[in-house]
Every structure is written in structure tokens, then in C-alpha cells.
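I opened the notebook to log a few lookups. Backbone oddities, a helix contact and aromatic rings were on my list.

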Amino acid sequence: MEEGVFQTLGQYLAFPFVQNALVAGTLIALCASLLGVPLVLRRFSYIGDGLSHVAFSVMAVAAIFGLSNNMFLVLPATIICAVLLLHGGEKRKIKGDAAIAMLAVGSLAVGYLLLSKFSPSANFSGDVCGTLFGSTSILTLSKTDVILCVALSVVVLLAFVFFYNRIFALTFDETFAQASGVRTGFFNLLLAVLIAVVIVLAMNLVGALLISAFVIFPVLSAMAICKSFLSVTITSACLSVFCAVTGMLISILAGTPVGSTIVAMNIAVFLVFRLIGFFCAEKKL
Amino acid sequence: MKTFFLSRFVWFSFLMFGLVLNLDVPFSFAAETAAPPAAVQKPAKPAKVDVDLSRLSATMVYAEVFNILSNGYKYDGKTVRMRGAFSTSVGEDDDGQPVRKFHCIIRDATACCAQGIEFAMRDKLAWPTDFPKTNSTITVVGRFYCDMHDASVITVVDGVFE
């Protein structure tokens, strides 16, 4: 039985679209987990949902206009919304969770309305379902999508590594960081852009509705046992990649939706790590 | 420490680029190696199966069908075995005359997305007596035909029910 499963997996791994999915999925998981740490610590966990819903409505507009590659419309629009949400600071009239909620539900409703009225294909519900839940999106990437995904992921990774110290300072005490000479305005803007890029990429992997889980769970799992920012970041990255790869392999073997399987893996790992953290804390007492 | 991580990330990203850029060859799932078709071939009896969709999981078969429909010219001439729901519709031939068409509908894991591949039988079968019930599960073996002038037109010809 085991030999059959491994043999089947080996045969599946020879498919080019599976290899593309694993490459893109690994990089997306890595980027999402790295940026998830400052998001969770700054209490912006739900921003993934807001931005993904904006991306969904822009995708709807792009589909209606028959754009062959919607990334050139979706990415700038999502970046603009991310900047508006994260960069406004204390001067905004509508703050934090209210702004995210407004944007999230408003975008989803408008996107669904536009698609239902001007659907470009006969399988309207299927297109919507696939985009929202990411059932097979990662396995149907074109070559251009994969190259773009890899390029953007590398940019996000390099930016995070280069500006790690400033992101760290911004996450824990923005006022102190500003007083220390860190250009908080610029780095808030950079963080917003990076988050928007990662959200748009992650929609291919887990869909628009499940993105928050993809961003949050690895961080919370890592925080259950790790105490420093660096250890949380590294552990979260490893867990996210592990869950993404394992989730994808399980989904292609068992015939389950990819996005849901990855999130289910994240939940399982979170429960395990919470238990480990609980027993470690008990032992110290 | 930063230099160490940076060098590893750069190496990793080059590795990913190399892996992605090298992936250009369609893979035949069956153990046998099929001859690459250079042009449309005359109809022939389907012998060995080059693309066996019946052995894949629901997620894989949907993705592979999407791949086939997106890159039809790479599969032209290859023998396929596919399993899905039987569907039929009435279309028009080149002369505008009504003609019945047959499809094998393949759904994804959530059953909300579906793709269909049109197939034509090798033998002349009478409708509806020689055909299965609509929406029943069928297995068809045939040969891919991709219209070189319109790559979105893909049909399985010389189909045989299994």
C-alpha cells in the first residue's frame, strides 16, 4: 500500500504543472509567513481578507473586460488599497478593523454583482468558487504566472531580509523607531506594498476567502513555542512551507481542494504546537 | 548573518528560476513513451494510452484537463483515456446542419468547476440506443485532435467506450 502511494506520488511529481505548483506554492508560503509576523503583531491579521476581496473584485472587472493577464490590473489596485489601509496612520477618519471590514464586504459584493451580470464564461459559479476557495488555481498556472510569481516572491524575500531590522523596529514601537531616525512613513509604505503583493500571489494558492488563515496560522503556531522575533519568523516560515507542500501533495493524492487542504494542515500544526507550548510551560512551572 | 541568509536566498531563487524555465516538455503519464506528433495524422486505431486521465485523482485530472485545453497543440495525436460524466448537446457542422455532439465532463474536487472534452466515436453508433445515459460515468479511449488554426478547438476522435 505504501509503495503504491509513493509510486503514484512519484508519477504525479513528474507532471510539469505539479512541479510549477510546488515551486510557486513554496515561495508564496515563505513570503506569506514572513510578512504575517508583523501583520499579526500589529493587530492587522484580517487585512489579508480585505485585500483579497479587493483583488477578487478587480479580477472580476478584468474578466469582464477580457484581459488575458489580470495581474497587471489586480496588483496595482491591491497595492493602492493596502497603502490606504496601512499607511493612513492616525489621521484616518475610519480606522483599523472598520476600514478593513468595509473594504472586504464591499469589494466582494461588487465583484460578485459584476460577475453575475456580465459573466465572461458559461461556468460563472465555477469561476467564482475557484477564485474564492483556490481549489485548483495553483495547479493551473501558466508559465507567465509562475515566472511572475517567482520574481515577485524573490523581491519580497530580498526586501524582508534587507530591511529586517527596520521592520522589526516598526512592528514593536513605531514611535521609538521614528525617534531613532527610521523613516517610518517609507517603511510603512513598503510593508503595505509587500503585503499586497503577497496577498495577490497567495490567492492563487488558497483562494480569496482562506488567505487570512494562510497568513495567520503559521505565525500563531510559531509564537506558541518561540519567544524572540527572529525565532518566530524562522519557525513560522518553516511551518508555512511544510504545510503548503504537504497540503498540496495530500490534495493531489486524495483529490481534495488544494486551498482547504493547506489550511487544514495549518490548523493541525497549530493545534500540535499549542499542545507543545502548553506542556513546555507546565514543565517550567 | 544577513550575508549568509542573503546568499542562500539568491542561490535558492536562481534554483527556482532554473527549475521553472526548464519545464517545457509535456509529460506522458503512462510508462510507454509516445512519438511526438509533428502534424495532424490520419485517423488510426488507438493502441497504447499516452495520457491516462482515469488513473488520476480528482484534483489532478481537473488540472491536467485544464493543461490540455490550454496547450492543445502539445497533445495533438496522443492517445487518451478519460473518465467523467457523459453529456450531449446539439451543435452545427460546417454546413450549418444540426449535429449531435458528445462530451466527457470532468469536475474538480469541490464539484463546482467543470470542464468538458468533446469526443467523436470511431464506429457509427445510433443515438440514443447505443449510448449511455446522460450524466452516467463513462470511460472513453481515443486520440486527441487539435485544430492547428484554432488551438482552443480540441476533440478526441476515434473514441471507443470502455
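Before the first entry I fixed a term: a residue is buried when its relative accessible area is under 20%, exposed when that value is over 50%, and partly exposed in between. I also noted that this is a predicted model.

**Entry 1: backbone of chain B**

I started with Asp158(B). Its relative accessible area is 13%, and the limit for buried is under 20%, so Asp158(B) is buried. I placed Asp158(B) in strand 6 of chain B, which covers residues 154-161. Its phi is near 55 degrees, a positive value in a residue that is not glycine.

I then turned to Asn135(B). It is another non-glycine residue with a positive phi, here about 75 degrees. Is Asn135(B) buried or exposed? I read 62% relative accessibility, so Asn135(B) counts as exposed. Asn135(B) sits in the loop between strand 4 and strand 5 of chain B.

I checked Pro128(B) next. Pro128(B) also lies in the loop between strand 4 (114-121) and strand 5 (137-146) of chain B. The peptide bond leading from Trp127(B) to Pro128(B) is cis, and its omega is near 0 degrees.

**Entry 2: aromatic rings**

I stayed with Trp127(B) for a moment. Which aromatic cluster does Trp127(B) belong to? I found Trp127(B) in one cluster with Phe86(B), Phe102(B), Phe119(B), Phe131(B) and Phe161(B).

How many aromatic pairs does a search of the whole structure find? I got 21 over all chains. I logged two of them from chain A.

The pair of Phe186(A) and Phe187(A) is edge-to-face. Its ring centres are 5.0 Å apart and the planes make 75 degrees. I looked up accessibility for both partners. Phe186(A) has 37%, so I wrote it down as partly exposed. Phe187(A) has 4%, so I wrote it down as buried.

The pair of Phe278(A) and Phe279(A) is edge-to-face as well, with 5.6 Å centre to centre and 65 degrees between the planes. Phe278(A) is partly exposed at 46% relative accessible area. Phe279(A) reaches 53% and counts as exposed.

**Entry 3: two helices of chain A**

I looked at helix 4 (residues 71-86) and helix 10 (residues 184-206) of chain A. Their axes come within 8 Å and cross at roughly 135 degrees. Why do I call helix 4 and helix 10 of chain A oblique to each other? Angles of 65 to 115 degrees count as roughly perpendicular and angles over 145 as roughly antiparallel. The crossing angle of roughly 135 degrees falls in neither class, so the two helices are oblique. The crossing is right-handed.

I listed the residues that meet. From helix 4 of chain A they include Met71(A), Leu75(A), Ile79(A) and Leu86(A). From helix 10 of chain A they include Leu189(A), Val193(A), Val197(A) and Asn204(A). Across this contact I noted 15 nonpolar residues, two polar and no charged.

**Entry 4: one serine**

I closed with Ser57(A). It is in helix 3 of chain A, residues 47-64. At 12% relative accessibility, Ser57(A) counts as buried. What does Ser57(A) touch, leaving out residues up to four places away in sequence? I found Ser107(A) and Gly111(A).

Note on methods:
Residues numbered from 1 in each chain as written. Chains lettered and ligands numbered in written order. Predicted model: local features only at pLDDT ≥ 70, side-chain atom pairs only at ≥ 80, totals over all residues. Heavy atoms only, no water. Helix = DSSP H or I, 4+ residues; strand = E, 2+ residues; numbered from the N terminus. Buried < 20%, exposed > 50% of the residue type's maximum accessible area, 1.4 Å probe, protein only. Axes fitted to C-alpha atoms, helices over the stretch in contact; angles between N-to-C directions. Parallel < 35°, antiparallel > 145°, perpendicular 65-115°, else oblique. Left-handed = near helix turned anticlockwise from the far one by under 90°. Contact = heavy atoms within 4.5 Å. Nonpolar A, V, L, I, M, F, W, Y, C, P; charged D, E, K, R; others polar. Phe/Tyr/Trp six-rings, centres within 6.5 Å; stacked < 30°, edge-to-face > 60°.
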